[in-house]
Amino acid sequence: MHRGAEIDDKIVRGFGRLKLGELLEEFDGLDPEESLQTLIEMSLDLPELSPERAAEREDTRRLVKECQTPVYLWVDVVDGQAQLEAYVTERSPTVRGYVSMLVEGLSGAPATDVATVPEDLLGQLGLAETLGMTRRRGFTGLMRRIKREVAEQADGKNFST
């Protein structure tokens, strides 16, 4: 079965104003090997950190603990829109590609839309079995953290991330 058939059309259409939906469509119809290669190619697109964040690139407060590969994540909500920055070493192209997809796909999105994103995007890409349970837990933890921090800031609970 092609991975495209596995992606629930309702979920892809449900991304609305999120660029993430467009990025997920790039995986439509790909077999797991092609999906993995596409994810690795996306690793090249992870933006550099802003100068102020680059100075604290490996701040342990930013570390996503669920990820086996060190992922450092900054989440802000500015004027109701999510803004993400992240650092992942180039030596981990699969993780870096996934993070790049989230940064590109969710930055600029309304906070209310980020809340609707499924936590298990790895399954939506058709890579859950290919990459295994450890990566799946890490990637799910990453998405949970993004959603939690966006929700906290949008609700005015925490503006210090």
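Glutamate 149 is buried, with a relative accessible area of 4%, and its side chain meets that of arginine 145 in a salt bridge, at 2.6 Å from N to O. This pair is a useful place to enter the structure, which is a predicted model. Arginine 145 is likewise buried, at a relative accessible area of 7%, because burial here means a value under 20%. The two residues stand four apart in helix α9, so that about one helical turn separates glutamate 149 from arginine 145.

## The chain as a whole

The secondary structure comes to nine helices and two strands, and someone reading along the sequence would meet them in the pattern α-α-α-α-α-β-β-α-α-α-α. The chain has 161 residues, and buried residues make up 50% of them.

## Salt bridges

How many salt bridges does the structure hold? There are nine salt bridges in the structure, and three of the pairs involved are set out in the table below, each with the N to O distance and the accessibility of both partners.

| Pair | N to O distance | Relative accessibility, in the order of the pair |
|---|---|---|
| Lysine 19 and glutamate 104 | 2.5 Å | 37% and 31% |
| Arginine 57 and glutamate 58 | 3.8 Å | 38% and 45% |
| Glutamate 149 and arginine 145 | 2.6 Å | 4% and 7% |

Lysine 19 and glutamate 104 join through their side chains in a salt bridge. What does this pair tie together? Lysine 19 belongs to helix α3 and glutamate 104 to helix α6, so the salt bridge ties together parts that are 85 residues apart in sequence. Lysine 19 counts as partly exposed at 37%, and glutamate 104 also counts as partly exposed, at 31% relative accessibility.

The salt bridge between arginine 57 and glutamate 58 has its closest N and O atoms 3.8 Å apart. Arginine 57 is partly exposed at 38% relative accessibility, and glutamate 58 is partly exposed at 45%. Salt bridges can also be linked to one another, and Arg53, Asp76 and Glu85 are joined in a network of this kind.

## The nonpolar core

In soluble globular proteins, nonpolar side chains tend to be buried together. The largest nonpolar core of this model has 40 residues, and within that core Leu106, Leu142 and Ile146 touch the most other members. Two or more residues of this core come from each of the elements α3, α4 (32-42), β1 (71-78), β2 (81-88), α6 (93-106), α7 (111-114), α8 (121-124) and α9 (128-154). Which element gives the most to the core? Helix α6 does, with seven residues.

## Places where distant parts of the chain meet

Several pairs of C-alpha atoms show how positions separated in the sequence are arranged in space. Glutamine 124, in helix α8, counts as buried because its relative accessibility is 15%. The C-alpha atom of glutamine 124 is separated by 8.1 Å from that of leucine 24, although the two residues are 100 residues apart along the chain.

Alanine 111 has its place in helix α7, and at 11% relative accessibility alanine 111 counts as buried. Between alanine 111 and glutamine 153 the C-alpha to C-alpha distance is 8.9 Å, while the separation in sequence is 42 residues.

Arginine 144 is found in helix α9 and, at 45% relative accessibility, counts as partly exposed. Aspartate 120 is 24 residues apart from arginine 144 along the chain, and their C-alpha atoms are separated by 9.3 Å.

## The surface and one loop

On the surface, Glu22, Glu25, Glu26, Asp28 and Asp45 gather in a patch of negative charge. One of these residues, glutamate 25, is found in helix α3, which covers residues 19-25.

Most residues other than glycine have a negative phi, and most peptide bonds are trans. Aspartate 79 has a phi near 55°, a positive value in a residue other than glycine. Is aspartate 79 buried or exposed? Aspartate 79 counts as exposed because its relative accessibility is 78%, and its place is the loop between β1 and β2.

Methods. Residues are numbered from 1 along each chain as its sequence is written. This is a predicted model: local features need pLDDT of at least 70, side-chain atom pairs count only at pLDDT 80 or more; totals for chains, interfaces and linings use all residues. Side-chain values use heavy atoms; hydrogens and water are left out. Patches are made of residues with over 30% relative accessible area and no salt bridge: like charges are joined within 9 Å, nonpolar side chains (Val, Leu, Ile, Met, Phe, Trp, Tyr) within 5 Å. Accessible areas come from the Shrake-Rupley method with a 1.4 Å probe; for residues, only the protein chains shown count as cover. Lys and Arg count as positive and Asp and Glu as negative; His and the chain ends are not counted. The place of a charge is taken as NZ of Lys, CZ of Arg, CG of Asp or CD of Glu. A nonpolar core is a set of buried Ala, Val, Leu, Ile, Met, Phe, Trp, Tyr and Cys residues joined through side-chain atoms within 4.5 Å. Buried means under 20% relative accessible area, exposed over 50%, partly exposed in between (1.4 Å probe, protein chains only).
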